[in-house]
Structures are given as C-alpha cells and as structure tokens.
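Good morning, everyone. Please bring up the model, and we'll go through it together.

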Amino acid sequence: MKKILFASSETHPLIKTGGLADVAGSLPRALHELEQDIRIIMPNYQGIKNCEPGRYVCTVRVSNNDVHILETRLPDSDIIVWLVDYPPFFNHPGNPYTDENGAPWPNIGDRFALFCRIVAEVAMDRAYLHWRPDVIHCNDWQTGLVPALLSLEEHRPATVFTIHNMAYQGLFPASAQAQLNLPGQLWRPDGLEYHGMLSFIKGGLAFADWITTVSPTYAQEIQTPEFGYGLEGLLAYRRDNLTGILNGIDTDIWNPETDPHLSRRYSASDLDGKQANKLELQQRLGLPTNADIPLFGLIGRLVEQKGIDLVLSCLPEIAQRPMQFVLLGSGDKSIELRLQDFARLYPQNIAITIGYNEPLAHQIEAGADIFLMPSRFEPCGLNQMYSQRYGTLPIVRRTGGLADTVTDALPETLANRSASGFSFNDPAPSALLEAIKRSLLLYSDKNTWRKLQQNAMGKEFSWRLSASRYLDLYQSL
Ligand code: ADP
C-alpha cells in the first residue's frame, strides 16, 4: 500500500472551476478503492461547500506565518482532506483564482507559494500529522513549487507533477523570487527562471521525479512549439520521465440508465428513451419538435481553445440545412453575442443558452444526436466521453485527449465496430463542415447509426483504468 499526498488547488464537490476539480474529486476515490492510503491537501477557501466543517489538527509555521491545518473528508468517503487555513489569503469571497468580479487575485503568487510551502512541510512529516507519504502528487502550476522545494531535501518522498493545461503557467516578475523568499539555488535557467521571470509550472517540470499529462497525445503535443508555450524544449528533454494517462469520467453521475436529470432513462439496448429526451429538449429550448431532424449539441467554456470560432464560421451554412443546433456555455462576451445573434436569425434551428447549468448539460448530452467539440487544443476533455456514453456521437478535432478517445467512422472502423464518432485534422471551418457532412450521411442510415451509438456506449471510460496506471507509476518511483 502506498501513502500518497494529492495536492490540488480545487476539488469537486468542495470547490470547482474546471476539469482539475473533477480529477481531484475522482482519482483519489479510485485509488482508495485500490486500497491505497491517499489524502488530499488544498487551501481552505471561503467558498468551500458540501463537506463537514474542518476540524483543527495542527499549526505549521512557515515564512513567519502561523498556518492552521484543518481536517475534513471527501463526501461519501473516508478520504481525509487537509485544508490549509490562512484566512488573510483564503477567507475571501470569489474562486481560487479570481475575486467575485472575475479579477485575478493580485497576490495569487503569495497565496500559492504559501500553499506549496505547507504541502512541502506535510510531505516531510514536519507538520505534526504523524503521516509520512511515499509520493506527493502535484497538479498544475499552483503546486509547482512543491517538487522544487522538496528537491532541496535529503530524505524526501517521490514527486509526480501532472499537467492539466499547459496554457496556464503561473508566471511572475523576477522580483517575486525575492519577495516570496524562495531558496536562491532554485533560481536558474534549468530551475524556476523562465526568460527572466519566475515560473511556478517550471518547478514541476524541472524538479518532479515524473511528469504526467492527461492524455498520451497531449504528452507528445506539448513537446512541440505549437502546444508547449516555450517549454517544449524542457518537456522534450524530460520525455523519458513524461507519460500521458487519460482521465476517466464519473460513470455514476454520467450514466443514461440512472441519470436523475432525465425524465426518460435509456441504455444501448433501449435507445427509444433517447428519442424521448430529444423531443423534450427541443420543446424545452423552443425548437420545433421533430424526432428525425439531426440535432447537434455543444457544451463548454466559450473560449478560443474550444474552437467556437470554427462553429461560428459554419453556422450560416448549416443553418440553411434541415438540422438543429443547441449550445450551452459561457465565456468570451463577444462570442456569446455572436451566438445569440445567430439564434435570433434562425429561431427554428438554433437555441443558445448562456450560463452554467448542470441539469441542462445532462439533458443536452441525452437529447442531441451529435456533439461538436472542435477544440484547437484539448489536454483530455470530458464532454466527448460523456457524449459517447450517452450515444451522442462526437465530432472532434484530432488533438490531445480527443484524438485518444474518439475513433473516426471510416470503412475499416465501421467494419470492426470500433468507430465511435468523427474526427478531423485541420483547425479550419471547411474541415469541420466536411466532418459534419460525413456525420449527416451516416445519420440518414438508421441501422449504421444505431451500431455507431452502441459502439460508443460500450466504451470503457471509468477511473478504475486510469487509477491503476497512476498506481503503477507510483510503484515504479
Ligand atoms: P475544460 O476543463 O477545458 O473546461 P472539459 O471538457 O475537460 O473542459 O470539462 C468541462 C466540464 O465542465 C464538463 O464537465 C462540462 O460538462 C462542464 N461544463 C462546461 N460548461 C458548462 C456549462 N455552461 N454548464 C454546465 N456544465 C458545463
């Protein structure tokens, strides 16, 4: 049995801004089921909910600050969560990275540097918790200083650093190095320095014993300039200690046979229920109810990463065809406005919902026929896996986790029954349009479509598989 300390800036359902929280809420549970002693450590934000109030366990003194550690549990589990309690930094309304108005915390570097120091103290068993982990599993730049600080310790646990998105690096002016009082020997070009700036993520990339990212294809992509944001050289240098492990999905929450958000549940052998969800979705969103018209869905953050501009470029052409398009998302205001303009122009074909709405996300996954996910880059992506489980065939760009989880419908994959969606290479509207046309061709052949749905619904995306890969990695260190 391994003792693993899992450090994350967010954990579902305590606090969530994105996919990292889903991983931090699910992977420890899956490892716990594999009988590992795993504990989570995260800051004690004001916005934490859905758990028992933290019980005081100890005080750790770092950089002349007294920091309390509180203990709670991950809901419906015995998994200990240690909350790093330092009210001047964390007891404010807002999310882990921004205030209530979406402005980044001006002292975000101080916040996560303090968090990293505490994680390092707990890792070295100097926090009076009487628990010495074998492995510290760090996630994204907010925890990047942990492997760096631990590299200076003599008898330290092994360190793993997981990249959930290379686009966020935790870069600060060089002066932050002194202000955060970081050990001078870490400040070097093959350490925390990045072109004269302080880089938190480099702490993970340069010093962790092992680096992982959330899909095998993304692990390759980040070694190239297009996806590496200037760190491709370092990642290529570390390629012998870099692997991609796909995220799983929560197969209890995302299960069309039991989903409480659906009025009619269904399975691969009873797809009539899916039809009922489609009619209900059309009605709910004010579109003409029609079981035969192909219904496209999209859910996600409306940002450049997700390739929404490609969809916007295709909309004028696809809206002329007999098809419907429903979208749920929020993000870039100019994208939101352009989408809403299209909905006004084509009220019979297009329904746009701006906002964050979990029940509607489930209803779209169940009611749509085809799911669009033309991301420019996608470290892993979850929605394309939910879609397949719901028999909603995804159209994806062949990048990152999308390439690793969707099998394009081609003559040979249709014949060997591995086809589970559609993919295209070029981040161009014409390539997306071509994939849409291919999907419509197969959609018109009901028998083939049903087989495709069954292929997709039969795929295994659970956390158990991924967790056993992480466990193999921990054991190898
Ligand atoms: P990312 O982490 O880059 O945002 P993922 O596909 O990995 O993308 O995960 C996004 C998660 O957030 C999924 O669970 C998705 O269903 C959910 N989500 C995104 N936008 C919305 C929204 N507007 N309403 C409900 N759920 C959303």
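First, a term. Ala, Val, Leu, Ile, Met, Phe, Trp, Tyr, Cys and Pro count as nonpolar, Asp, Glu, Lys and Arg as charged, and the others, Gly among them, as polar. By that scheme, the shell around the ligand holds seven nonpolar, seven polar and two charged residues.

This is a predicted model, where local features need pLDDT of at least 70, side-chain atom pairs need 80 or more, and totals for chains, interfaces and linings use all residues. Numbering runs from 1 along each chain as its sequence is written, and side-chain values use heavy atoms, without hydrogens or water.

Now the ligand. Around it sit 16 residues (each with a heavy atom within 4 Å). Arg-301, Lys-306, Gly-355, Asn-357 and Leu-382 come nearest.

Which element gives the largest share of the shell? It is β13, with three residues. β13 (295-302), β14 (324-331) and α14 (383-389) each supply at least two. These helices (H or I, at least four residues) and strands (E, at least two) are DSSP runs, numbered from the N terminus.

Next, distances. A side-chain N or O atom of Arg-301 is 2.8 Å from a ligand oxygen. For a polar backbone atom of Leu-382, the distance to a ligand oxygen is 3.0 Å. For a polar side-chain atom of Tyr-386, it is 3.4 Å. Alone, the ligand exposes 560 Å², and the protein buries 90% of that (Shrake-Rupley method, 1.4 Å probe).

Last stop: Asp-85, in strand β5 (residues 80-85). Thanks, all.

How values were computed:
A polar contact is a pair of N or O atoms within 3.5 Å; within protein, one must be able to donate a hydrogen and the other to accept it, and residues adjacent in sequence count only if both atoms are side-chain atoms.
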